[in-house]
Amino acid sequence: MTQSIALNAVQLAFVLLLSPLFAGILARCKELVQSKRGPSIFQPYRDLRKLFGKDERISENSSWIFRAAPYFVFVVPLIVTLLIPVLTDFPLFFAFAGDMLGAGFIFAISGMFFTLAAIDGGNPYGAMGASRTRMVGFLAEPVIIIVLFTVSFVANSTIPYIVQQHWVHPPANFFAPSHVLLLLAFFMVLLAETGRLPVDNPSGHFELAMIDESKALEFSGRSAALIKWGGYMKFVVLAIVFLNVLMTPWGLSSDGTPAHVAQAVLLVAFKILLLIGFIAAVESSYSKLRLFRISEYLAAAFVVSVTAMITEMLHL
Amino acid sequence: MTPLLAELNALVLGLFIISTIAMTVTRQIGACMQIFVVQSLLLAASAFLLGASPFSWHLFALGCVTVLSKAIIIPWLLRVLVPNEIHQRRELSQALDVPTTLLVALGLTLAGYAFAQHLVHAAPNLSPGNISMGFAALLVGLLLLAVRVEAVPQLLGLLAMENAAFLTGIAIAPDFPLIAELAIAFDVPLLAFIVALLARIAYRSMGTTEVGALTSLQERQ
Amino acid sequence: MTTLLIPAVALLAALWCAIPRSGRAAPAVTLIAALLAFLGSVRVLWMLHLGATLTIARGWIETDPLGAFLLVLIAFVYVTAALYSWGYLNVQEAPPHRVRLYHANFNLFAFSMLCIPLLSELGLVWIFVELTTLLSVLLVSYALTPQAVEAAWKYMVLTLLGATTAVLGILILFWSLHTTGSTDFTWSGLRAAAPHMPHALLGAAFVLLLVGYGAKIGLVPLHTWLPDAHSQAPSPVCAMLSGIETSVVLYVLLRLRGVFAGDPALHAGTWFAVAGLISAGVAALLIVQAHDYKRLFAFSTVEHMGIMLTAASILTPYGDTAALWQMLAHSVTKSFCFYAAGIALIVTGSRDIADVRGLLGISRIASAGLLVGGLAISGAPPMAVFPSELAILRAALQAHGYVVAALLALFIVVAFFGVTRHITSMLTGEPSVTTGRRVPTTCVLALAVTAVPVLVLGVWMPAGLAQAIESAAKVLGA
């Protein structure tokens with residue numbers, strides 16, 4: 001039992017410490033694609049250190065929600081990390097504390113607080129961003145639910161660890177049409193939920209066009225650092241759900257020995273790097289969708305996921 | 001069929017149905033043509049995989065002919081005969097908006113699967129995925145044909161329907177004599193040629209290729 | 001060898017017309033090719049009557065009496081349409097290269113139709129049926145007006161949609177043939193294997209083929225392209241489309257009926273009857289409200305296709321004979337009607353029934369043609385369609401299909417009423433619109449040549465022709 005708690009702590013550390021690195025690598029990749037040199041991959045660490053050292057400015061008219069939201073945004077991805085298979089493919093101590101639907105609801109807590117805080121801050125762009133985020137969120141909901149239902153139907157369980165085991169036994173499941181369709185649907189939702197192109201431009205500066213970024217405009221100092229870090233961790237957590245649970249549950253250690261866990265850290269990081277490369281390619285290939293086209297994008301994801309579900313039900 | 005080939009075929013079928021959905025979603029004529037090329041290549045891949053063991057040279061020939069005529073000749077024909085200035089804008093217009101079209105396509109996919117189940121039960125040995133996906137893609141192609149307004153996207157919907165029909169065909173009739181290869185090699189490029197010519201005539205007489213918007217010939221009230 | 005020469009002649013004429021220098025000679029070359037094709041087809045019919053077997057490639061290209069009969073029909077309309085086009089295009093004053101291209105396309109279209117009765121392998125037949133569509137699309141849009149383009153586009157889209165559905169049906173049919181162990185994918189092979197085929201597959205193939213080829217012959221509700229295409233095209237092309245193209249596809253459906261009748265649980269006859277009666281009924285009503293006289297004749301084509309399909313659904317030898325007789329009568333009469341309509345269009349310049357008044361005063365030929373044609377196509381004695389429709393009603397009554405016979409009679413009467421009302425309203429009254437153009441001699445000649453079978457076959461059936469229809473019906477029902 002101590003071993004599984006220790007492994008949980010290692011997972012938390014993995015997500016906590018390496019997420020800014022992955023964010024930096026993604027930013028550098030995109031810049032390289034555009035033939036620029038780009039910032040150093042360690043720049044997010046420097047940004048966080050800078051922000052932690054700065055003063056905070058909080059509006060007098062804001063309520064406790066504005067003060068509490070950054071903590072929620074920071075802590076929620078860490079809680080979800082406890083539930084998903086990051087480095088091991090056998091269930092750890094907190095594995096049965098919540099299933100995938102539970103993880104979805106926990107993400108909803110942070111989303112709710114962040115959205116309310118954006119309105120609470122009094123910044124007009126914040127309110128606009130909050131309503132747009134909600135629109136993207138509710139359109140992505142059905143897709144997530146159908147994806148989760150389909151994989152649970154295959155695995156007869158909603159616990160991520162068990163789902164991940166069943167997706168590749170027997171190997172024929174990996175090539176099944178429903179698998180490819182589910183991956184596509186979840187990838188489209190991943191881009192929408194983490195605010196990447198073609199849904200939202202994470203490196204844009206034009207507030208009228210922002211969806212996710214404008215919610216964070218009012219925060220400063222430590223709150224801004226927590227929100228940034230929380231954002232990086234949310235991206236890494238969703239990527240891990242995509243990679244380890246849905247796509248390729250390989251590279252995870254089957255026993256908890258330190259050597260294998262270290263190897264798992266490297267392999268999972270490598271997988272995330274491949275995904276980052278792919279996301280950089282996708283982001284560089286598409287322009288930002290106009291706001292009303294986002295519903296078409298997510299409708300397409302919905303259709304893909306329902307087709308996956310039907311295809312799975314008919315055992316095609 | 002060996003398990004590995006069956007698995008790869010299943011992957012190809014998944015990508016085929018994705019390409020059908022992509023054709024429904026896309027809003028640009030050029031992208032629509034590229035997705036059609038991808039779909040034809042996937043059809044050829046499925047033909048190669050199904051014909052690999054037990055070896056059937058019919059299917060190999062069909063795959064090669066599909067690549068040649070649908071992935072190379074037809075896009076070239078369309079690019080030469082219906083160049084970009086004939087498309088008023090790069091985007092295509094539809095009679096229904098995209099989310100509605102997507103939902104209808106979903107319903108048609110369900111209907112296609114349902115209709116195919118009858119046939120699948122009659123032939124448990126043949127690849128059931130090919131038959132079901134083929135029927136579903138046929139109906140979605142029909143939807144595209146009905147909903148699109150410009151000439152070239154309608155043609156691409158029709159060609160997608162033919163792709164779907166042959167996807168079913170390669171599973172149920174693997175040794176269909178020469179006809180299928182002849183049809184794909186000559187009939188389909190001729191079809192594209194004539195449609196392209198008609199699109200040019202439409203452009204010259206009307207200034208646009210929006211043939212779906214022509215409703216002047218009807219019974220008077 | 002004669003059988004192959006018939007379509008080859010048309011193909012060669014098309015290639016000749018495609019050469020840039022031949023603008024002047026194109027119509028003459030087309031006519032010569034058509035005459036040769038007609039003589040060849042009569043010879044083929046004669047050879048079969050004498051008992052020869054005309055098999056070029058076993059399992060692929062075989063000609064039997066039914067095919068030969070259809071061949072004669074196609075060739076006859078080809079001749080008259082070629083003759084008519086000569087003068088018709090002169091009136092249009094089209095530039096020489098457009099005339100040349102028209103004739104090249106026309107010959108290719110005739111080539112594709114001439115091939116179909118010679119083929120016995122179902123896949124090849126499908127390819128050539130699709131070719132008939134592709135090769136006639138540009139003919140329909142010949143006028144280059146937006147309406148012609150719209151008509152051509154609708155025609156192409158709906159028929160190719162039908163062709164794609166049909167190919168799926170053919171593949172399923174092949175699959176079910178495979179399950180019986182045979183690989184003989186010809187008409188006779190399929191009929192032999194039909195009783196052993198799995199019911200589910202045969203049913204699926206039946207639905208797909210009926211819908212697919214039904215779209216091509218204009219069965220309701222997939223008939224919407226027919227009035228547009230058959231009214232916007234130049235009149236000789238309309239004659240070819242209405243007179244023989246729909247008949248050729250109907251021939252394919254009738255051959256397939258033999259396959260599907262092998263499984264009694266499918267009730268192929270009942271479904272054919274339902275489809276035929278619905279088409280005939282809707283077409284009769286559409287005739288009554290027609291506003292354009294070429295569309296009027298196009299609706300009449302839909303009605304006759306429905307009648308012929310119903311006749312074939314009776315599944316008796318007499319019913320088959322009647323259906324084939326009706327096919328012959330319809331082809332010659334419908335082409336006659338369209339030639340008359342073309343002349344009326346030349347003389348008045350308008351397609352609207354409401355615009356045209358007092359045609360008797362404007363042009364005697366046009367009015368005579370429209371009157372005779374209208375009466376003939378709606379089944380009035382003593383013209384060709386009357387005895388064949390009577391035969392169909394008799395066949396239905398003999399087989400105790402009282403409801404079918406009653407409905408058919410009702411629809412024929414309604415159509416008669418509609419057609420004669422419109423035609424007489426056009427003929428009588430003060431002359432309204434006129435273009436003052438002279439009717440070309442070749443058009444009148446084509447009209448006269450077509451009038452011969454229309455008038456003669458109503459009172460007397462030559463023994464040879466009767467014999468040909470009998471042996472053809474035997475092939476259909478055997």
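Q: What makes residues of α4(A) in this predicted model, such as A:Phe107 and A:Ser110, count as buried?

A: A residue is called buried if 20 or more other C-beta atoms lie within 10 Å of its own. The residues of α4(A) that come out as buried include A:Met100, A:Phe107, A:Ser110, A:Phe113 and A:Asp120, so each of them meets that cut-off.

Q: What covers the buried residues of α4(A)?

A: Among the elements over them are α3 (64–83), α5 (124–155) and α6 (160–166) of chain A.

Q: How do you know that α4(A) spans about what is expected for its 21 residues?

A: The expected span is 1.5 Å times one less than the number of residues. For helix α4 of chain A, residues 100–120, that gives 30 Å, and the span from first C-alpha to last reaches 30 Å, so the two agree closely. Just after this helix, A:Gly122 has a positive phi of about 90°.

Q: Why is C:Ile74 said to be in contact with C:Met113?

A: Two residues are in contact if their C-beta atoms lie within 7 Å, so this pair passes that test. Leaving aside neighbours within four places in sequence, C:Ile74 also touches C:Leu114, C:Ile244 and C:Val248. C:Ile74 is one of the residues touching the most other members of the largest nonpolar core, which has 393 residues. To this core, α6(C) gives the most, with 22 residues.

Q: How many residues form the contact of chain C with chain B, and what makes up the chain C side?

A: Chain C brings 35 residues and chain B brings 37. The largest share of the chain C side, 18 residues, comes from α6(C). That side divides into 25 nonpolar, 7 polar and 3 charged residues.

Technical notes
Residues numbered from 1 in each chain as written. Chains lettered and ligands numbered in written order. Predicted model: local features only at pLDDT ≥ 70, side-chain atom pairs only at ≥ 80, totals over all residues. Helix = DSSP H or I, 4+ residues; strand = E, 2+ residues; numbered from the N terminus. Nonpolar A, V, L, I, M, F, W, Y, C, P; charged D, E, K, R; others polar. Buried ≥ 20, exposed ≤ 12 C-beta atoms within 10 Å, placed from the backbone. Core = buried A, V, L, I, M, F, W, Y, C linked by C-beta atoms within 7 Å.
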